[in-house]
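Biologist: Please take a close look at one part of the surface of this model, and then place that part in the context of the rest of the chain.

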Amino acid sequence: MIDDQYVPMLRAALTRADFTVNAVYALLGNDAHRALGRNQTTPAVRATRGGGDLATLVRLFALQVPVERAHADAALPGLVDALAAAGMLEVSAGEVRALVDVRPYGDEDHDWWIVCDPTSGLDGRQAPMDPSYVLGISEASSSLAQLTIRRPVGRSLDLGTGCGVQALHLAQHASDVVATDVNPRALAMARLTAALNRADIDVRDGSLFDPVAGETFDLIATNPPFVISPPGSQVLVYRDSGMPGDSVVRHLVENAAGHLNDGGWCQILANWAHHRGVDWEDDLGQWLEGQPLDAWILQRELVDPAAYVEMWLADAGLVGTPDYVQRYDAWLDWFDAEGIEAVGFGWLSLRKTDRTPVHRIEEWTGEIAQPVGPSIAAWGDRVDALRGIGDVELLDRTFRQAIDLVEETRGAAGADDPESIVIRLQHGVRRSRQVDTVEAGLVGASDGDLTSGQILDALASLLGRDAGELRSTYAPVVRELVEEGFLV
């Protein structure tokens, strides 16, 4: 990557050209932008014919189209030769071609630039991937960014940083950020990403927790190389750990507590194997045995072996290669020999605790309203509120219905009572629950003034029910409503 002296010049050039997410979208228009999201460049090439520095940068980096040297010099004044010497550009016959991607990235509060390798597979092109390929913004990295809790913290760790995108996010709410990777190319790109965005990030070389031996953090975010592939198969550093099965994820779970401060979180995006004849929740539960960790593990998707193999062979650019069928068949043979009948994909959120740990392991393929990070943090708060208290103490507490809770009723028009009542959350994990009249009344009256027990006593009087019986019957229901976030 380029010397430090050129970083301010590159930042100034990108800023001057307004090389931002919004400006690029405005230049391309909706149709071309959507086509580019499908890896089709033709509409975007047409949209950038008008010239200008922004169009030149889009063509050069996003579309991987060679541009005239004069246009490159105008968009990147004084930088073309330096970037070429650093291996970021190639100059030939009066044209300039990008060898890396510098892409705008951000949200309503930030305009950032990410340095990574060019997008593979543009316009249907297929070629085997370089093992040291550094992935840019992906569905997985976006998911982890949405999953991560954004409360202010002291020390944070981006384990397996790649291009450095998670570290950038962490730098917005953590006093200190450490980012690690085993890929030298990724380390160089992460350092340039940090420098371009004036982010103070300590980027270190090493595998998994090795670079931070003996250190602890308040927050760890990681999108590890979790692909479950046969030993000896092609290794892409960003996705393949070289460790058998899903053991890289198990290693992270079993070692997380040793690198967390009390109350600290470790959040992992991962795959895990479903083994023949074994309940997957029990399998993952074994990873947590003896660990001082609260855990919420959410399986978002379940993929059969054939679909899984096809997905990752395509990701590696191996579709259509002479040994494609051989690789496909060998991978399925290995799955069969290992007893792997499916692969789960999802999120693990682990929090270090000095109390009796609480584990919630579940499948949720329903709707998620992003970001889900606040819901993870709120779950931790609810665990603390409920931990160790019995039914009597629970009913002596006040609760409020969640601010995003809506109630849906169904029944004949004009009927005195609805046939069904459903309460539904609108944020994070959008759970729904069919409730009876007592539950609906309990939730509706929970405004923080009366205790749950007082509300149940009032409902007992109103419905002509025994108050003691109602308390006994609905105390577990109150606990469930709190655990699932309907009451807070």
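Modeller: D18, D107, E108, D109 and D111 gather on the surface in a patch of negative charge. A patch is made of residues with over 30% relative accessible area and no salt bridge, with like charges joined within 9 Å and nonpolar side chains (Val, Leu, Ile, Met, Phe, Trp, Tyr) within 5 Å. Asp and Glu count as negative and Lys and Arg as positive, while His and the chain ends are not counted; each charge is placed at NZ of Lys, CZ of Arg, CG of Asp or CD of Glu. The areas come from the Shrake-Rupley method with a 1.4 Å probe, and for residues only the protein chains shown count as cover.

The model is a predicted one, in which local features need pLDDT of at least 70 and side-chain atom pairs count only at pLDDT 80 or more, whereas totals for chains, interfaces and linings use all residues. Residues are numbered from 1 along each chain as its sequence is written, and side-chain values use heavy atoms, with hydrogens and water left out.

Within the patch, E108 lies in the loop between β4 (101-106) and β5 (111-116); helices (H or I, at least four residues) and strands (E, at least two) are DSSP runs numbered from the N terminus. E108 is exposed, with a relative accessible area of 73%, where exposed means over 50%, buried under 20% and partly exposed in between (1.4 Å probe, protein chains only). D18 belongs to the loop between α1 (7-16) and α2 and is partly exposed at 40%. Its backbone is also of note, since D18 is not glycine and yet has a positive phi, near 55 degrees. Most residues other than glycine have a negative phi, and most peptide bonds are trans.

Other backbone features of this kind occur elsewhere in the chain. D123, in the loop between β5 and α7 (139-147), has a positive phi near 55 degrees as well and is partly exposed at 31%. Q64, just after α4, takes a positive phi of about 55 degrees. The peptide bond from Q370 to P371 is cis, with omega near -5 degrees, and P371 sits in the loop between β14 (368-369) and α14.

Helix α4 itself (residues 53-62) has 8 of its 10 residues buried, so it is largely enclosed by the rest of the structure. The buried residues of α4 are L54, A55, T56, L57, V58, R59, L60 and F61.

The patch can be set against the paired charges of the model. The structure holds 31 salt bridges, each being a side-chain nitrogen of Lys or Arg within 4 Å of a carboxyl oxygen of Asp or Glu. In one of them, R351 meets D294 at 3.0 Å, N to O. This pair links distant parts of the chain, with R351 in strand β12 (residues 340-352) and D294 in strand β11 (residues 293-303), 57 residues apart. R351 counts as buried at 8% relative accessibility, as does D294 at 0%. D384 also forms a salt bridge with R351, again with 3.0 Å between the closest N and O atoms. D384 lies in helix α14 (residues 373-386), 33 residues from R351 along the chain. D384, which counts as partly exposed at 42%, further meets R387 at 3.0 Å, N to O, and R387 is buried at 11%. Elsewhere, R360, E362, R431, R433, E439, E480 and E484 are linked in a network of salt bridges.

The cysteines show no covalent pairing. The count comes to 0 disulfides, a disulfide being a pair of cysteine sulfur atoms within 2.5 Å. C116 is buried at 0%, and its sulfur is 5.7 Å from the closest cysteine sulfur, in C163, too far for a bond. C266 is buried at 1%, and its sulfur is 19 Å from its closest counterpart, also in C163, too far for a bond.

As for the whole, the protein chain has 18 helices and 20 strands, and 50% of its 488 residues count as buried. Its C-alpha trace spans about 90 × 50 × 45 Å along the principal axes.
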